[in-house]
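Here's a quick tour of a protein chain, written for someone who'd rather be at the bench. Have a look at the sequence and the fold before reading on.

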Amino acid sequence: MSAGQLVGPYLVGRSLGEGTFGAVYDATHEETGRRVAVKLLHGSKQMEPEVQNRFVREIAILQRLDHDNVVRHFDCGLHNDSIFCAMELVECGTLKDVLARRGALPWRDAAEVALQTARGLAHAHELGCVHRDLKPANLYLSAAGHVKIGDLGLARDLTDSRLTVQGQTVGSWRYMPPEQIRGEDAIDGRLDLYALGCILFEMVAGRVPFDGPTAVSIFDQHLEATAPRLDALMPGTPTGLADLVERLLAKAPADRPADATEVVARLESLLADPQSTAGALSAAMPTGAATPDPPAEPLNLTQRLQAEGAETRSVNPRALIVAVGIAAAAAAGWAIWQFAG
């Protein structure tokens, strides 16, 4: 697809990205002038039933969702017998881009990203949609400061069990909850809350809670290993935030927050707590340092995340050594138990 071609009523511009199944383009509606992102299946994939089903599923789910923290759907149709979807153009990249450049984030920025994501999840879950592939690459940043959940191709519509093959394992390894790894068919929104816990941990600590050279090694940790406490790993992290992440990463769905609405309430309370803010500032600033004056016009979340030269926090080396040792011991114990069994 080259710039200047028409896809339905949309004049295609530059490519925004390309994957195995399709490509996304910056495009403009010929009559209204509205700028959108157009997703178009590759010609080689458009006849594969599973690819088509996934694409149609994403369109069907997007048409039902309407929230500031979810990428909006505008239109769909056929272009030379290939399905296309026109959706909201979110122009400031993804959380993955930010983390690749900055590593760890200040806990308040991380909590605000998680808060907006939880609000979008609460809306989706209320309508029976479980994302199943939540990760930094699927969290888009808008110029207005909104975090928007996108890429719903693997989403599970709980109102139609026929959309998912029973026992199928999908999603991205580093953010998968135990029930998804086991391929359980009875799932709910708490699956996405576990992934949100992995993302929140990564934003604050600068690394995912569980990692390894192979999918098997990562899966074993998700199933059995305990992630280190964030307040031990990253000095200055509020205890309340570490408590929330610990609950989000619970192995059993019943031990996680009941729903995304509860997570929203916890994060809102944490961000509004002056004691949490004071503790974080005193931990981050050297003794005797003067409190900086606030900017005349506060930056929105996207601007703060993308600010050049923004401070990032590195992992406490001693805490990291202890945490890695604990995780390694847990993984080794799990492997010995598996072997002995």
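What follows covers confidence, overall make-up and cysteines.

## How far to trust it

This is a predicted model, so start with the confidence scores. Mean pLDDT for the chain comes out at 79, with 72% of the residues at 70 or more. The high point is helix α8 (residues 239–248), with a mean of 98. At the other end sits helix α12 (residues 317–340), where confidence is lowest, at a mean of 37.

Two other stretches deserve a caution flag. Residues 157–170 have pLDDT below 50, though the model still gives this stretch 24 contacts beyond near neighbours in sequence. Residues 278–284 also stay under 50, and here the model has three contacts beyond four places in sequence. Where pLDDT is low, don't read the predicted coordinates in detail.

## Overall make-up

The chain has 341 residues, and 46% of them are buried. Its secondary structure adds up to 12 helices and 10 strands.

Take the contacts in the chain with a separation of 6 or more: 66% of them link residues 24 or more positions apart. On the outside, the chain exposes about 16400 Å², and carbon and sulfur atoms supply 54% of that area.

## Cysteines

How many disulfides does a search of the whole structure find? Zero.

Are C92 and C198 buried or exposed? C92 has 17% relative accessibility, and because the cut-off for buried is under 20%, C92 counts as buried. C198 is buried too, with a relative accessible area of 0%.

Notes
Residues numbered from 1 in each chain as written. Predicted model: local features only at pLDDT ≥ 70, side-chain atom pairs only at ≥ 80, totals over all residues. Heavy atoms only, no water. pLDDT = per-residue confidence, 0-100. Helix = DSSP H or I, 4+ residues; strand = E, 2+ residues; numbered from the N terminus. Contact = heavy atoms within 4.5 Å. Disulfide = S-S within 2.5 Å. Buried < 20%, exposed > 50% of the residue type's maximum accessible area, 1.4 Å probe, protein only. Areas by Shrake-Rupley, 256 points an atom, 1.4 Å probe, with all protein chains shown as cover.
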